[in-house]
Amino acid sequence: MTPKQVLQLIKNKGIEFVDCRFMDFPGLWQHTTYPSSELTEQSFVDGFGFDGSSIRGWQAINESDMLLVPSSETAKIDPFLQHPTLSLICDIKDPITKKEYSRDPRSIARKAVDYLRETKIADTAYFGPELEFFIFDNVWYDQSVNQASYRVDSQEGVWNRGKQDPTNLGYQIRLKEGYFPCAPMDTGVNIRSEMVDVMLQLGIPVECHHHEVATGGQAEIDLRFQELVHMADTCMYYKYIVKNVAARHGKVVTFMPKPLFQDNGSGMHTHLSLWKGGKPLMAGKKYAGMSELGLYAIGGILKHARSLIAFTNPTTNSFKRLVPGFEAPVNLVYSSRNRSAAIRIPMYQDNPKTKRLEFRCPDASCNPYLAFSAMLMAALDGIQNKIHPGDPLDKDLYDLEPHEYEAIGSAPVDLASALDELEQDHKYLLKGNVFTDDVIHYWIKYKRDNEVAALRTRPHPYEFCMYFDI
């Protein structure tokens, strides 16, 4: 959609407001709203001024003026707001130089695509993430000087099986048995269908939806693959839609990777394929029908996985999911069909156009612009340097002999370790000025100061269970 078409849409649909949205550094959508009369063709060039110093991870207060520049192709009529409103995703620019802001995640994603084309390896990177999330009936949590607590609840949670209440029908889902029973055990089918219906109305392509493995309302809605930047944009609309549909039903959605103890966490298995001139590049006659280029891409991601995870699994809670025993891909190996490997080569169809790799480590707490860009850069590094991933491992990785297990790599055990890895291994991200030194260093600093240190200095409730009687 062009700027002229956006303005015509506003006129035809009686749009009253324009909602300008953008991504902060850690990965949360922000917005500001203007009367639709304020949007002109020139707005798509000059943008709107705002205070960048108030956004997490951005400008200092002495250089706070920034520009929001709407992207016309992202226009969608908001399905939730009371007054007719058009949403536009914006790019961030410096008001003096008019250059894109280096810490704007969307700018980084566009630079990654530009760099891909500069390499001549491919011209398009398609991404297909599988976002998982929980739909809870209610939640409460708190942390103060002398207490810390949280509680989430769902009528289908196994913990409610013994609830003595006339509304308890006894169809709770047992631990690890949520994939995927019919209603009435699956209490979320109608709300997920409503979420998908809203997505389809907004032109977001969806493949399917279903209950996921965990008890207590774990869900998955699968998107059809799209080009990198468009998919990252779509992920943000996806989160916005599922949260708001849940809210109008009096429920709450969380993309927190591990909100429940003793059951599976929520991941974001991400499919990646490279194309050039309309032709797929990942298919060939090597292992599992992959091309040599495809294997090198796997080699690059596996080589850099421990640093890459600092972007694809960027919260302290992410590593509560990345533990053995809950279908979590903690082993840095590749395989066809084997879902316990960090990289799987899907084998559903014998079609070159569907050949791809699936990186199973990421979760949806990530900033998709940064996570997809980092994945692409690791894959390109593998192709450029012909990094072969070695032999595949097709065994059940949880049944390996001790000597076999010790020979394979594993994901970092916590966010602090992942940030240490990123500090040591990030040159592959700097190629083409996609990620700058400033972005890498500030990401590490922000995460260490605001998340790792913040958690480390607070007593954990389970520490009382272990140590209070010492």
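Two residues are in contact here when they have heavy atoms within 4.5 Å of each other. With that in hand, start at L281: leaving out residues up to four places away in sequence, L281 touches I121, A122, L274, W275, K276, S291 and L293. You'll find L281 in the loop between β15 (279-280) and α6; helices (H or I, at least four residues) and strands (E, at least two) are DSSP runs, numbered from the N terminus. A122 is 159 residues away from L281 along the chain, yet their C-alpha atoms are separated by 7.9 Å.

A quick word on what you're looking at: this is a predicted model, where local features need pLDDT of at least 70 and side-chain atom pairs count only at pLDDT 80 or more, while totals for chains, interfaces and linings use all residues. Residues are numbered from 1 along each chain as its sequence is written, and side-chain values use heavy atoms, with hydrogens and water left out.

Now hop from L281 to one of its partners, L274. Beyond its neighbours within four places in sequence, L274 is in contact with a list of residues including L116, A122, P280, L293, L376 and I383. L274 is also among the residues with the most contacts inside the largest nonpolar core, together with F133, M195, I301 and F435. That core has 124 residues. A nonpolar core means a set of buried Ala, Val, Leu, Ile, Met, Phe, Trp, Tyr and Cys residues joined through side-chain atoms within 4.5 Å, and buried means under 20% relative accessible area, with exposed over 50% and partly exposed in between (1.4 Å probe, protein chains only). Helix α5 (residues 228-247) gives the most to this core, with 13 residues.

L116, one of the contacts of L274, is a buried residue of α3. Because 11 of the 15 residues of α3 are buried, this helix is largely enclosed by the rest of the structure. The buried set isn't just nonpolar side chains: R106 and K111 are among them. Just past the end of α3, K120 takes a positive phi of about 70 degrees.

Next, the rings. The structure holds 20 aromatic pairs, counted when rings of Phe, Tyr and Trp (its six-membered ring) have centres within 6.5 Å; planes under 30 degrees apart are stacked, over 60 edge-to-face and the rest tilted. Y126 and W275 make an edge-to-face pair, 5.7 Å centre to centre with 90 degrees between the planes. This pair links distant parts of the chain, with Y126 in strand β7 (residues 124-136) and W275 in strand β14 (residues 268-276), 149 residues apart. Y126 counts as partly exposed at 23% relative accessibility, while W275 is buried at 12%.

Y442 and Y446 form a tilted pair, 6.5 Å centre to centre and 40 degrees between the planes. They are separated by about one helical turn because they sit four residues apart in helix α12 (residues 437-456). Y442 is partly exposed at 24%, and Y446 is buried at 12%. Ring pairs join both tyrosines with F25, F311, F435 and W443 in a cluster.

Stay with α12 for a moment. This helix has a kink of about 40 degrees centred on R448, where the bend is the angle between axes fitted to the seven residues ending there and the seven starting there. Its buried residues include V439, W443, K447 and E451. What covers the buried residues of α12 includes α3 (105-119), α6 (292-312) and α8 (368-384), which brings us back to α3.
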